[in-house]
Amino acid sequence: MSTLSLRLCLLGVLGGAILLSVLNLAVPATSAMHVPTYTVALVGKYLSYAMLALAVDLVWGFAGILSLGHAAFFALGGYAMGMYLMRQIGTRGVYGNAILPDFMVFLNWKELPWYWHGFDNAAFAILMVLLVPAVLALIFGWLAFRSRVSGVYLSIITQALTYALLLAFFRNDMGFGGNNGLTDFKDMFGIPLQAETTRCGLLVATAVFLCIALLIARYTVTSRFGKVLIAVRDTESRTRFLGYRPERYKLFVWVLSAVIAGVGGALYVPQVGIINPSEFSPANSIEAVIWVAVGGRGTLAGAVLGAVLVNLGKTVFTGALPELWLFALGALFILVTLLLPGGIMGLLTRGRARPAATTPAPEPAE
Amino acid sequence: MTDHADTLLYLDGVTVSFDGFRALNALSLVLERGEMRAVIGPNGAGKTTMMDVITGKTRPDTGRVEFGQGTDLTRMDEPAIAALGIGRKFQKPTVFEPHTVWDNLLLALAGDRRPRFTLWARETDEERDRIREILNTIRLAEHRDRRAGDLSHGQKQWLEIGMLLAQEPQLLLVDEPVAGMTDAETEQTAELLREINRPRSVLVVEHDMACVRALGVKVTVLHEGSVLSEGSIDHVSADPRVIEVYLGR
């Protein structure tokens, strides 16, 4: 990824978020320049998805790990945030129970399950947003990479992981609201969620976190660690004969990627107002891979661009011709794979010398 | 354990079977410190399997593989054996294609291999000096900023040899270094190998008899997974058994 594309991406994300907020808050609703709050929330959602895309690109583009279950980490971060927002509702719920969320009262539960304790505390909830995806990724990655599971087998296992979580979270007994998930949030850190200023604040916060994640990812892939990682991606066995342990490199970047996805999920939930098990659905993870492929694998900025553009297309398309969207998405993926192997970023930088180390091999090794 | 203090590599009765096929059959081999040895043999003689066993890629069914003062290599994996000082060059040149020549050497330089180090590592002056020195040895100084994937076949072979040098191994395993090279490149490569050999031991697997002759070292002939003959190139070329299975066709 070139420095130019990184700068443009940071500028676009931050500048765009601030501009939209100003146009929402400072311009009167009667003006043609006014941006409706609906749009602010929508763009906030796109930027949360962009964090998921960035996470996918980090492992797929730079470590050759094609994860088809990355939305699981996104959803877990989202649930951790959702649990905090649920506890914030307090007595304003339908049943007016100060401790138990509505769905627990409905299920006739008498006390809060142990794993819900602490989520009334914002700091604890934020810690869990980072920790839960990280620990799951650590355990999963340690087992998979140590056993040298890679390629399509690893992709299938990641898919199974998210599907298993989908089924588990559907169950009412799990204590996460089952089918309906967590919703009806009132406020966050004591600030009402529906207020326009909160909406704009969330959008700008998402933009800031996305930029921080971009900078961390960029540092990681351009460091000597990143060079080893790219070497592992293309010729894993060779790195072993040089004395590197590829499993440790993969594990680090895998956990980092899960954390970025988790933070994305945590920012997504307050802006969308709901988190339910459908976020674990395998289709979501596959869609995230398409965003990255469209934007350009192994470019980081391309992942952000791809996520925003494809989701914008989805919003427009599902409004006009909802039944055709999935066909359009599938066609897009096939066309990009066939005609634009470098994605949009590859098209934009065609003809210009690209930094050698970040050009991904057409096929992941092994 | 051997009694010789100057034995670097010691293989004794090493047997490896794949689905009943004996790739190595009670193979024994002793390599001295600072020695260069050429290993020849027809296809399927077990040359590559022998390298796999030494570098930890394949575990032998039976037999002993010892390095230096009795370090048992059969209990170690590839990164541990590499860290011990055994470098390997593959038959097909395997360099890190998207990286520059410089970065390839940087990644190969002896040093801390843990992520917690490489995440924060900065190039030091000693590292730069060492890389420049190697670039001169392998004659790739003008190509330092080129993508390794854009190098010619012969240049990739040299880069890989350079990466081995950067590892500062005590023992170098080199698999068919002149395969696919021009005559001029073959000669240069043989010279390069002799240069490398000065402070360290080298085990060269080679098909090309011209190259083996140019190296002028002791030769071990493998056949069906064990040693058929051993000695100077003239000695083994005159051995009737060698002529029968390999040279005389």
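Contact here means heavy atoms within 4.5 Å. Keep that in mind as you click around this predicted model.

Start in chain A and select Leu182(A). Leaving aside residues up to four places away in sequence, Leu182(A) touches a whole set of residues. Light up Tyr79(A), Gly82(A), Met83(A) and Met86(A), which are among them. Then add others from that set, including Phe103(A), Trp116(A), Phe176(A) and Ile275(A).

Now zoom out to the largest nonpolar core, which has 164 residues. Leu182(A) is one of the four members that touch the most others, along with Trp116(A), Phe280(A) and Leu159(B). Next, pick helix α2 of chain A, residues 37-63: with 16 residues, this helix gives the core its largest share.

A second core, of 26 residues, lies apart from that one. To find it, select Leu29(B), Met50(B), Val65(B) and Leu222(B), which are among its members.

Next stop, the interface. Show the 33 residues of chain B and the 27 residues of chain A that make the contact. About 2900 Å² is buried between the two chains, and carbon and sulfur atoms give 62% of that area.

Which side chains should you look at for a salt bridge? Try Arg224(A) and Glu127(B), with N to O at 2.9 Å. The count between the chains is 5 salt bridges, and 14 residue pairs are in polar contact across the interface, both residues at pLDDT 80 or more.

Finally, color α2 (78-84), α3 (101-108), α4 (115-118) and α6 (153-166) of chain B; each supplies at least two residues of the side touching chain A. That side of chain B divides into 16 nonpolar, 5 polar and 12 charged residues.

Methods:
Residues numbered from 1 in each chain as written. Chains lettered and ligands numbered in written order. Predicted model: local features only at pLDDT ≥ 70, side-chain atom pairs only at ≥ 80, totals over all residues. Heavy atoms only, no water. Buried area = accessible area lost by both parts, 1.4 Å probe. Salt bridge = Lys/Arg side-chain N within 4 Å of Asp/Glu carboxyl O. Polar contact = N/O pair within 3.5 Å; in protein donor to acceptor, adjacent residues only side chain to side chain. Helix = DSSP H or I, 4+ residues; strand = E, 2+ residues; numbered from the N terminus. Nonpolar A, V, L, I, M, F, W, Y, C, P; charged D, E, K, R; others polar. Core = buried A, V, L, I, M, F, W, Y, C linked by side-chain atoms within 4.5 Å. Buried < 20%, exposed > 50% of the residue type's maximum accessible area, 1.4 Å probe, protein only.
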